[in-house]
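Here are my comments on the model you sent, set out as numbered points. Please read them with the coordinates open.

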Amino acid sequence: MDVERLKKIRTWANLNLTGTILPWWCSEYIMDRENGGYYGVVTLDGERGYSEPRNLTLLGRMLFVFSSSYRHLKGRLYLDRADYAFKEMKEHFYDKEFGGAFVSVDADGTVLSDTKPNYCEAFYIMGLAEYYHATGSKEALEMCLEACELMEANARVAPGIYHATLHRDWSPKPGFDNGRRNSSYSLPDDAIMYPHHLCQAYYRLYQATHDNKIAGILKEMVKIMIYRMYDDKHHNFITLAAKDMKRLGNSVSYGHDCELSYLFINIVDELKLDDIRDRTYTVVSEVLENVVENAFDSNGCMYNGANLDTGEIGSVHVWWAVSEAVSAMLCGYDITGDIKFLDACERQIDFIEKYFVNRETGDWYNNIRSDETGGHLSDGQHGMDKLNPGKCPFHNGQMCLEVMKRVDKMLGKAQ
């Protein structure tokens with residue numbers, strides 16, 4: 001185990017989080033002190049969208065990151081921002097009649113969309129769970145557990161399978177809606193979408209409560225993926241499948257392969273799921289082997305995904321996927337000891353530091369086009385905004401915290 005390289009990676013993660021990511025996201029500039037919450041959009045040039053809708057996914061992610069940062073780093077500013085986000089969640093998003101949260105509200109709190117996609121409700125649960133873990137707020141825990149009970153009673157179709165979208169009263173709603181403008185689309189009637197953000201949310205709730213029921217659900221979620229939704233031909237995870245568990249479409253998302261890989265390892269290790277541990281480690285090792293061998297360009301940056309039929313890939317890389325690559329490559333090194341994963345982790349960090357970090361105003365750029373001359377700012381997923389319903393501190397903030405935690409664990413083993 002290369003202790004010095006691991007220490008260097010940990011130092012980078014800490015500095016990137018506290019010196020680059022959080023200062024911008026904690027700034028007063030993005031906080032709507034008049035109406036509460038955060039502006040719905042802040043452009044790359046710093047223009048604030050005062051009348052833009054406010055989104056549950058963004059707020060839940062903000063609540064999670066601030067709460068987790070306070071829990072691990074103990075900065076008083078992070079607690080203040082977590083309290084601010086929780087107040088907004090409680091006052092403008094919480095559905096007092098049916099439980100859970102509204103997916104989108106206007107600047108004055110008027111409800112714009114009252115559907116309940118499990119994608120969005122997951123971040124409501126995740127944020128509340130982490131806020132409870134950080135502060136001990138019983139009110140947050142009650143709101144969180146209420147949403148979990150409603151999710152399990154109404155959205156659960158079978159172990160590890162959930163309706164993608166529900167109406168306000170938690171009855172099933174066809175299609176998929178993540179609460180973003182012009183983003184709803186229909187799914188085939190027989191589609192099964194793996195609820196990976198709900199899995200993340202339940203994992204955070206388990207960490208905060210050690211609830212045995214949540215542990216059982218998490219085990220179901222891991223099992224369905226490693227036994228039924230793992231593509232052993234292409235060595236990647238199927239996140240959208242038909243009822244026979246065959247892949248729908250022809251694309252693979254390397255970002256999601258990374259995100260799910262270290263999540264599953266964390267779950268089986270923390271919950272001590274010995275009966276599925278070997279299978280999980282084997283599957284994850286195969287997935288990450290495929291990623292490290294096939295998903296990085298010559299500059300060391302991970303592609304977002306690929307077309308399995310044509311092999312086509314894109315040259316524009318997105319902030320959230322490269323964040324997940326750092327965590328996953330470090331996990332790959334942890335569980336296999338193979339130095340190529342550590343090399344890939346470091347090369348991805350180098351690319352991020354050179355091209356993604358916004359040295360003018362803080363945080364990261366959204367998309368970078370990579371070619372033989374290096375990296376170049378580009379439009380792409382989540383647009384160019386610094387803040388919008390899809391652009392937030394969740395993936396890169398969580399990555400920094402995940403890296404610090406894993407390195408500490410690895411160095412503890414080495415001592």
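The points below take up aromatic contacts, charges over rings, one strand pairing and the internal cavities of what is a predicted model.

1. Searching the whole structure for aromatic pairs gives 13 of them. One that I would look at is formed by Phe 64 and Phe 394, whose ring centres are 5.7 Å apart and whose planes meet at 65 degrees; since planes over 60 degrees apart count as edge-to-face, the pair is therefore assigned to that class.

2. As for where this pair sits in the chain, Phe 64 belongs to helix α2 (residues 56-73) and Phe 394 to helix α12 (residues 394-414), so the contact ties together parts that are 330 residues apart in sequence. Both Phe 64 and Phe 394 are buried, and ring pairs also bring in Tyr 119 and Phe 123, which together with Phe 64 and Phe 394 make up a cluster.

3. Two lysines have their charged ends placed over tryptophan rings, and each deserves a separate look. The charged end of Lys 386 is found over the ring of Trp 24, at 4.5 Å from the ring centre, while that of Lys 391 is found over the ring of Trp 319, at 5.0 Å from the centre.

4. Strands β15 (residues 367-371) and β16 (residues 374-377) are paired in the antiparallel sense, with 4 bridges between them. The two strands form a hairpin in which 2 residues lie between β15 and β16. For anyone who wishes to check the register, Ser 370 has Gly 375 of β16 as its bridge partner.

5. How many cavities of 30 Å³ or more does the model contain? The count comes to 3, and the largest cavity has a volume of about 80 Å³.

6. The lining of this largest cavity consists of Ser 68, Arg 71, His 72, Arg 204, Gln 207, Gln 398, Leu 401, Glu 402 and Lys 405. By residue class, the lining divides into 1 nonpolar, 4 polar and 4 charged residues, a division that may be useful to keep in view when the cavity is inspected.

7. Which helices each supply at least two residues of that lining? They are α2, α6 (196-209) and α12, and the largest share, 4 residues, comes from α12. Helices α2 and α12, which hold Phe 64 and Phe 394 respectively, thus appear both in the aromatic pair of the second point and in the lining of the largest cavity.

Definitions and conventions
Residues are numbered from 1 along each chain as its sequence is written. This is a predicted model: local features need pLDDT of at least 70, side-chain atom pairs count only at pLDDT 80 or more; totals for chains, interfaces and linings use all residues. Side-chain values use heavy atoms; hydrogens and water are left out. Rings of Phe, Tyr and Trp (its six-membered ring) pair if their centres lie within 6.5 Å; planes under 30 degrees apart count as stacked, over 60 as edge-to-face and the rest as tilted. Buried means under 20% relative accessible area, exposed over 50%, partly exposed in between (1.4 Å probe, protein chains only). A charge sits over a ring if NZ of Lys or CZ of Arg is within 6 Å of the ring centre and within 35 degrees of the ring normal. Two strands pair if DSSP finds at least two bridges between them. On a 1 Å grid over the protein atoms alone, a cavity is a set of points where a 1.4 Å probe fits but cannot get out, and a pocket is an open set with protein on both sides within 12 Å along at least five of seven lines; lining residues have an atom within 4 Å of a point. Grid points are joined across faces, edges and corners, and a volume is the space filled by probe spheres set on the points. Ala, Val, Leu, Ile, Met, Phe, Trp, Tyr, Cys and Pro count as nonpolar, Asp, Glu, Lys and Arg as charged, and the others, Gly among them, as polar.
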